[in-house]
Amino acid sequence: MESSLRVTPFSIQIEREVLSDLRERIRKTRWPERASGAAWEQGTDLEYLRQLLAYWADEFDWQAQERELNMAAHFRAELDGVHIHFVHERARRGHGIPLILIHGWPSTFAELLSLVQFLTDPHVHGIDGPGFDVVIPSLPGYGFSERPRQVGVNYQYVAELWHRLMRGLGYERYGAQGGDFGAGIATFMALNNPRRMIGVRARRLDSGKVALLG
């Protein structure tokens, strides 16, 4: 394990003042005139957008979402002077196969959380397959990961960060899955350090192509 990697538990806690300010700014939205023609022909339908923002301002329950998100095991670790957020859930039985799931743009780690129960405890869900130790990091500058101070944060840079994260968590070899930006990162994880990789599944949403390396 990398001795320089210090992992600390993390909990999502957005201050009520921040939420109140956001709701107030939503309520103060300056609306344009309705576009001529049929709805959606020249952009977002104004009435739909009004209803959506009204839901965000007066009905959406962030605290309930926060409680649900915090049911996962969240952590932060410092890599290159930046605090990186990630979820780390181990296989419920035996030794899991290490697997890092990498989100893309404009996605977040939250969209991958629904996979955790099936990957860490497949037999409970009627799946005949091995269990995984799942790591879901937030890309630098996304979600609860800090934004890097330097330029040049590209696929290759983040690929190396994720190698360091996985090794820091005690994994010598591991698999990777990524979509969109995550596909580029997962691909460079394999190209730049193939001996660490058990296998890679990378899918670019713009092309629909799937690359399997292993």
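This passage walks through a predicted model of a protein, from its overall layout to a few local details.

The protein has 214 residues, and buried residues make up 42% of them. Its secondary structure comprises six helices and eight strands. Read from the N terminus, these elements follow the order β-α-α-α-β-β-β-α-β-α-β-α-β-β. The C-alpha trace extends over about 60 × 45 × 40 Å along its principal axes. Many contacts bridge long stretches of sequence: of those between residues at least 6 apart, 66% join residues at least 24 apart.

A good place to begin looking is the interior. The largest nonpolar core contains 30 residues, and those touching the most other members are Ile 100, Ile 102, Val 135, Trp 162, Leu 165, Ile 185 and Met 189. Several elements contribute at least two residues each to this core: strand 2 (74–79), strand 3 (82–89), strand 4 (97–102), strand 6 (174–179) and strand 7 (197–203), together with helix 5 (155–168) and helix 6 (181–192). Helix 5 provides the largest share, seven residues. Leu 165 offers a handy viewpoint on the packing. Beyond its neighbours within four places in sequence, Leu 165 is in contact with Leu 5, Leu 79, Phe 86, Val 135 and Pro 137. A second core, separate from the one around Leu 165, has 17 residues, including Leu 69, Leu 99, Phe 109 and Val 134.

Attention can now turn to the open spaces in the model. The largest pocket encloses about 550 Å³ of space. Its lining is made of 17 residues, and Glu 68, Leu 69, Phe 109, Ala 110 and Leu 113 are the ones nearest the centre. Helix 3 (62–69) and helix 4 (116–120) are the elements that give two or more residues to this lining. Helix 3 gives the most, with four residues. By character, the lining of the largest pocket consists of nine nonpolar, five polar and three charged residues. Two names will be familiar from the interior: Leu 69 and Phe 109 lie among the residues nearest the pocket centre, and both also belong to the second core.

Aromatic rings give further landmarks. The structure holds seven aromatic pairs. One of them joins Tyr 155 and Phe 181 in an edge-to-face arrangement, with 5.9 Å from centre to centre and 65° between the planes. This pair connects distant parts of the chain, as Tyr 155 sits in helix 5 and Phe 181 in helix 6, 26 residues apart. Tyr 155 counts as partly exposed because its relative accessibility is 25%, and Phe 181 likewise counts as partly exposed, at 30%. Elsewhere, ring pairs link Phe 10, Phe 109 and Phe 144 into a cluster. Phe 109 thus appears in this ring cluster, in the second core and in the lining of the largest pocket.

The loops hold some details of their own. Asp 121 is located in the loop between helix 4 and strand 5 (132–137). Asp 121 has a relative accessible area of 15%, so this residue is buried. Apart from its neighbours within four places in sequence, Asp 121 is in contact with Arg 92, Arg 93 and Val 116. The C-alpha atoms of Asp 121 and Gly 131 are 5.9 Å apart, although 10 residues separate the two along the chain.

Backbone geometry is worth a look as well. Most residues other than glycine have a negative phi, and most peptide bonds are trans. The peptide bond from Trp 105 to Pro 106, however, is cis, with omega near 0°. Pro 106 belongs to the loop between strand 4 and helix 4. Two aspartates have a positive phi: the value is near 55° for Asp 80 and near 60° for Asp 180. Asp 80 is placed in the loop between strand 2 and strand 3, whereas Asp 180 is placed in the loop between strand 6 and helix 6. Their surroundings can be compared through accessibility. Asp 80 counts as partly exposed because its relative accessibility is 41%. Asp 180 counts as buried because its relative accessibility is 15%, under the cut-off of 20%.

Methods
Residues numbered from 1 in each chain as written. Predicted model: local features only at pLDDT ≥ 70, side-chain atom pairs only at ≥ 80, totals over all residues. Heavy atoms only, no water. Core = buried A, V, L, I, M, F, W, Y, C linked by side-chain atoms within 4.5 Å. Buried < 20%, exposed > 50% of the residue type's maximum accessible area, 1.4 Å probe, protein only. Contact = heavy atoms within 4.5 Å. 1 Å grid on protein atoms, 1.4 Å probe; cavity = no way out; pocket = protein on both sides within 12 Å on 5 of 7 lines; lining within 4 Å. Points joined across faces, edges and corners; volume = space filled by probe spheres on them. Nonpolar A, V, L, I, M, F, W, Y, C, P; charged D, E, K, R; others polar. Phe/Tyr/Trp six-rings, centres within 6.5 Å; stacked < 30°, edge-to-face > 60°.
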